[in-house]
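Thank you all for coming; I would like to walk you through one structure this morning, slowly and piece by piece. Please have a look at it first, and then we will go through its parts together.

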Amino acid sequence: WLANIVFYLQPSENILTTAHYYYVNKQSTNNDLVDGYNKLDLTLNFLHFFGKKVTFRMGIKNALNSEVLYFDNVLRDSSTLEYPGRSWWTQFSYEL
């Protein structure tokens, strides 16, 4: 089975934090039974700063550094793609 939970916290008008939790139970492929995983993505947003034109976001994807696998099942065979481990990201945007 699958589960997703999203949590939003906005302590002020210009700050928003989010947490997105994913649970995936064991998965069956054409060739194998693969363990499930837990994945957590975190984001911190600073909205509309400096005259309401600048937004800055930063976050962590896969904060738990879980082994996340995606499967492509084709007829009698399946291929596996591994999601990258923990990764950090930032975004800076300016509204014209």
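A search of the whole structure finds 3 aromatic pairs, where rings of Phe, Tyr and Trp (its six-membered ring) pair if their centres lie within 6.5 Å, and where planes under 30 degrees apart count as stacked, over 60 as edge-to-face and the rest as tilted. One of them joins Trp 1 and Tyr 23, whose ring centres are 5.0 Å apart with the planes at 50°, so this pair is tilted. Because Trp 1 lies in the segment before S1 and Tyr 23 in strand S2, the pair ties together parts that are 22 residues apart in sequence; strands here are DSSP runs (E, at least two residues), numbered from the N terminus. Trp 1 counts as exposed at 63% relative accessibility, while Tyr 23, with a relative accessible area of 21%, is partly exposed; buried means under 20% relative accessible area, exposed over 50%, and partly exposed in between, with a 1.4 Å probe and protein chains only.

I should say early that this is a predicted model, in which local features need pLDDT of at least 70 and side-chain atom pairs count only at pLDDT 80 or more, whereas totals for chains, interfaces and linings use all residues. Residues are numbered from 1 along each chain as its sequence is written, and side-chain values use heavy atoms, with hydrogens and water left out.

Another aromatic pair is formed by Phe 46 and Phe 56, and this one is stacked, at 6.3 Å centre to centre with 25° between the planes. Phe 46 lies in strand S5 and Phe 56 in strand S6 (residues 54-61), so the pair ties together parts that are 10 residues apart in sequence. Phe 46 counts as partly exposed at 24% relative accessibility, and Phe 56 is partly exposed as well, with a relative accessible area of 28%. Together with Phe 49, these two residues form one aromatic cluster.

How are the strands arranged? There are 5 strands in an open sheet, in the order S1-S2-S5-S6-S9, with antiparallel pairing, and two strands are taken to pair if DSSP finds at least two bridges between them. Strand S1 (2-12) and S9 stand at the edges, each with a single partner strand, so one side of each is left without a neighbour in the sheet. Within the sheet, strand S2 (residues 15-24) and strand S5 (residues 37-49) run antiparallel and are joined by 10 bridges, and Thr 17 stands opposite Leu 44 in S5.

Let me turn to the charged side chains. Counting a side-chain nitrogen of Lys or Arg within 4 Å of a carboxyl oxygen of Asp or Glu as a salt bridge, we arrive at 2 salt bridges. In one, the side chains of Lys 52 and Glu 13 meet at 3.9 Å, N to O, and this pair links distant parts of the chain, with Lys 52 in the loop between S5 and S6 and Glu 13 in the loop between S1 and S2, 39 residues apart. In the other, Asp 41 and Lys 39 meet at 3.1 Å, N to O. Are the partners buried or exposed? Lys 52 and Glu 13 are both exposed, whereas Asp 41 and Lys 39 are both buried.

Finally, back to the edge strand S9 (residues 87-94), where Phe 92 has its place. Phe 92 is exposed, with a relative accessible area of 59%.

Terms used:
Helices (H or I, at least four residues) and strands (E, at least two) are DSSP runs, numbered from the N terminus.
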